[in-house]
Amino acid sequence: MTRSTSLSHAGRALGRPSSSGFLQSWLPRLVLAPSVAISLFFVYGFMLWTFVLSLTNSRMLPSYDFVGFAQYGRLMANERWWVASTNLVIFGGLFVVICLVLGAFLAILLDQRIRREGALRTIYLYPMALSFIVTGVVWKWLLNPGLGLQAMVRGWGFESFTFDWLVDPDMAVYTLVIAAVWQASGFVMALFLAGLRGIDDSIIKAAQLDGGSLPRIYWRVVIPCLRPVVFSAVMILAHIAIKSFDLVVALTGGGPGYATDLPATFMYTHAFTRAQVGLGSASAMLMLGGVLAILIPYLYSELRSRKNG
Amino acid sequence: MSALEIQKVRKDFGNERVLKDVSLAIESGEFLILVGPSGCGKSTLMNAIAGLEPVTAGEIRIADRDVTWLTPAERDIAMVFQSYALYPSMTVRQNISFGLEMRKVPRAEREAAVERVADLLQITALLDRKPAQLSGGQRQRVAMGRALAREPAVYLFDEPLSNLDAKLRVDMRTEIKKLHLRLGTTIVYVTHDQIEAMTLADRIAVMRDGHILQLGTPDEVYNDPVDIFVAGFMGSPSMNFIATTLEGQAGDYRLRIVTEGEDALVLPWPASRETPALAEQVGRSVILGLRPEHFSEEDSRLSGMDEGTPLSARVSVVEPTGADILLNMPLGDAEVTARVGPKCRVAPGERLSLRVDMGRAVLFDSETQKRLA
Amino acid sequence: MDNVIRRRTLGARLARLALYAALLLAALFYLLPLAVMLITSVKPLDEISAGSLLALPQSPTLVPWAKAWGEACTGMRCEGVGGYFWNSFAIVIPAVAISTVVGALNGYALTKWRFRGSELLFGLMLFGCFIPFQVVLLPMAQTLGWLGLSSSRAGLVLVHVIFGIAFTTLFFRNFYVAVPTELVSAAKLDGAGFFRIFWRILLPVSAPIIVVSVIWQFTQIWNDFLFGVAFSAHDTQPVTVALNNLVNTSTGVREYNVDMAAAMIAALPTLVVYVLAGKYFVRGLTAGSVKG
């Protein structure tokens, strides 16, 4: 509040500062105030509120009978929550890794002075513009054993071809991975391509003069330069994975049974359709904890590198 | 009447004090240059005058009016920025008249003002272009035009030439000088370029660490510096500083210079330039300041410096610049630079007889770095 | 990798061929679902059960599109997704406009009128980009009830504005940081105030970031499902919710062609935006994510 202290100083010295000067110095704060208030109430206040709810035995409607951490205990004992959490680990892990590998691979291929690069890039990236609901509906159709890809390949004469993951409780979670990779890997490609284009050309030229082969130059020189891109890509993908809700709803509906539940669908189901507001709140708080566990190291390293650089 | 008066202005950023009770006054029509190394506080002082940074303490008066707590708009000043800060979405014409428009000057007057400064700065042909379509020199002119259109009490120039290439910078320097002579404007000009300071200023304020070290005419600052910092900052190549021992007594002071591998050299200090301060320094180490042009080669009878003190040194480096030749040679504990005529024929390693004009030399206290004589 | 002399060996040519083959294969993978969606949406139902997924329609028809738009059942009602399509627009347009304006003013105040603590405030607001929205769903439902906005389009607009501001502020802040502050200083000296500097100096150079912000917010809000399903009623649903209901309505024969036509309808606006302004779309994605 440098300005305000100097203004009060001015008040002592002169009686009062010029009125327009006073207004000008407070306008920026006035403009920001509503957004800050919104953020305080709707983000921080709501987080606290959800935490409070998670300590109550609320069912259909929020009640304020506090039961301590009992809802968290129930959650830990809930088999469906463990299925959802395990699914998140499987889905999230595969989704992040495959997107990274595929995205980096496509970016490197596209970086070889390709004809029609613009068109290819557009094709790779367009799924990112779609809603996860649309993605889910389309892939549900494609993966439908009776009419989709399985039927198509069988129609080509491979009668024993089987691709029925969508209805297989053990495999259904992998269909989520396929659809999510289809949607997001183009975006990772775009991130990597931007990173590759940002690398100083002279580094690559120097490596070529040193006699490295192209794959070796990429592996030893170029990819290490992309560490920050990998870092942000992991961050974003993990974030998408944890928030994934619409894709599950549209593709598998959480089924067969609850085989493809994720924490996001678990929370919604319990809070909104199964009248378990307390339990739902507890699961939401754990989701927040998961995001923070990823976010805090990321922000920490970002801030540190900003200070150093 | 002072056009601008600054009294004990202090500015703190957190715990750091970047302006330490700075005071100065500028007469109407004066061209004052604030010069100093980066971080000396000159730009902060400029921003304080402009009202872009509130000061922590002190008073700023423009045309005898206390403006310390007025907004920039209320101060009657205009500023030319290093980056020019032309509004990118407006044409040159709109850029120049924007300040007048904000002050609710009637349209006809605004147009007249634009015509006037465009004519003055020869940018009439550019009036309908956008800044992006202008060259660096043209942007510079528009930035000045924007300031001139308003006819404020004080003009502030913040390193206005530092983004131009070397040749254009010299041209614009001349042009600014002409404008100032013609219009009689009051200008405060910040630069880190001491040549700009020497060529443009009526007075120069040399700043360092939030203080004004010396405030004087270019001649005073150059030839009569208050301390080693000012002496070294002004002039290029910079002044040579040679460690010497002061001997003798009043009326007969001598400076003994010991150079490795040479006989000790004793230079008499002119009696006319003695000061009382020298008496305490006898037998102690003092620093002799000699500018490169204070040397001349022995046989240059025509240069009129044959009264100088003779001195012989082994030349280590010869750097012809075209107009003259810079010689490096060991003297005392350092290499000194001497400027000699372009005809001087000397090769590295040779000895050369020189004369040094002790009548213009200066002496500094080796501890306080302050001027002794 | 340009301007380097390479030997034109057979191996190099084969490698080049393999490169294009891999790229085309990838393109097929990304295009397949869209192609299937389009083909299926113009096939009569009997061709779907008889023929292959990729077989082109023998007698193409727009009936499934018409049905999806005006007749298909979404839960209890059978009025198609057309009304919900317009619902989405009615929610998206005000939400995008408001959040962009607020974000622009925030970004401007945060970068060009810094005061002690302004960076902290920005960090505080930025956090809103990262929270999983599940953590605000229950309190939001109750608050909307108190405000009398439950299940209303205005309520959804409010929710999208509240959680969009963090992103738009981030966009504009990062953009305005790169605009020289000296421009603002010059305008202050010229006598312009807070809003006038914004209007006359900053806004005219903000076109690229406005486009980025509008496109980002448009796709985010159009594609939203979570807030839509949680805070809307039958007549205020956005199209994503309607599409999901349509696909999951289990009365009568499954009409896959109608499902696909409805999915196309829901996807079209964002696809059009992407095709028209892909450059800005990518910029928004990377700005919204990398710099966060």
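Here is a walk through the contacts between chains, the domains of chain A, some annotated stretches of chain C and a sheet in chain B. Keep in mind that this is a predicted model.

Let's start where chains A and C meet. The contact draws 80 residues from chain A and 73 residues from chain C. On the chain A side, look for helix H2, residues 19–54, which gives the most to the surface touching chain C, with 17 residues. Sort that side of chain A by class and you get 60 nonpolar, 15 polar and five charged residues.

Staying with chain A, the domain assignment splits the chain into domain 1 (2–54) and domain 2 (71–308). Taken over C-alpha atoms, the centres of these two domains of chain A are 40 Å apart. The two do touch: five residues of domain 1 of chain A are in contact with eight residues of domain 2 of chain A. On the domain 1 side of that contact, there are three nonpolar and two polar residues, with no charged ones.

Now over to chain C. An unreviewed UniProt entry places the feature "transmembrane region" at several stretches of chain C, among them residues 120–142 and 154–176. How do these two look in the model? Residues 120–142 of chain C are 70% helix and 0% strand, with the end C-alpha atoms 29 Å apart. Residues 154–176 of chain C come out as 100% helix and 0% strand, and here the end C-alpha atoms are separated by 31 Å.

Chain C also meets chain B, with 13 residues of chain C in contact with 17 residues of chain B. Helix H8 of chain C, residues 181–190, gives the most to the chain C side of this contact, supplying seven residues. By class, that side of chain C holds eight nonpolar, two polar and three charged residues.

That brings us to chain B and its open sheet of three strands, ordered S17-S18-S19 with antiparallel pairing. The edges are strand S17 (317–320) and strand S19 (334–340) of chain B, each of which pairs on one side only. On average, neighbouring strands in this sheet are turned by 25° against each other, ignoring direction. As a reminder, strands of a sheet pair through backbone hydrogen bonds, either parallel or antiparallel. To see the pairing up close, follow strand S18 (residues 325–331) of chain B, which pairs with S19(B) in the antiparallel sense over seven bridges. Zoom in on B:Leu327, and you'll find that its bridge partner in S19(B) is B:Ala338.

Definitions and conventions: Residues numbered from 1 in each chain as written. Chains lettered and ligands numbered in written order. Predicted model: local features only at pLDDT ≥ 70, side-chain atom pairs only at ≥ 80, totals over all residues. Contact = placed C-beta atoms within 7 Å. Helix = DSSP H or I, 4+ residues; strand = E, 2+ residues; numbered from the N terminus. Nonpolar A, V, L, I, M, F, W, Y, C, P; charged D, E, K, R; others polar. Pairing = 2+ DSSP bridges. Axes fitted to C-alpha atoms, helices over the stretch in contact; angles between N-to-C directions. UniProt positions renumbered as here; feature names shortened; annotations may be inferred. Domains from an automatic or database assignment.
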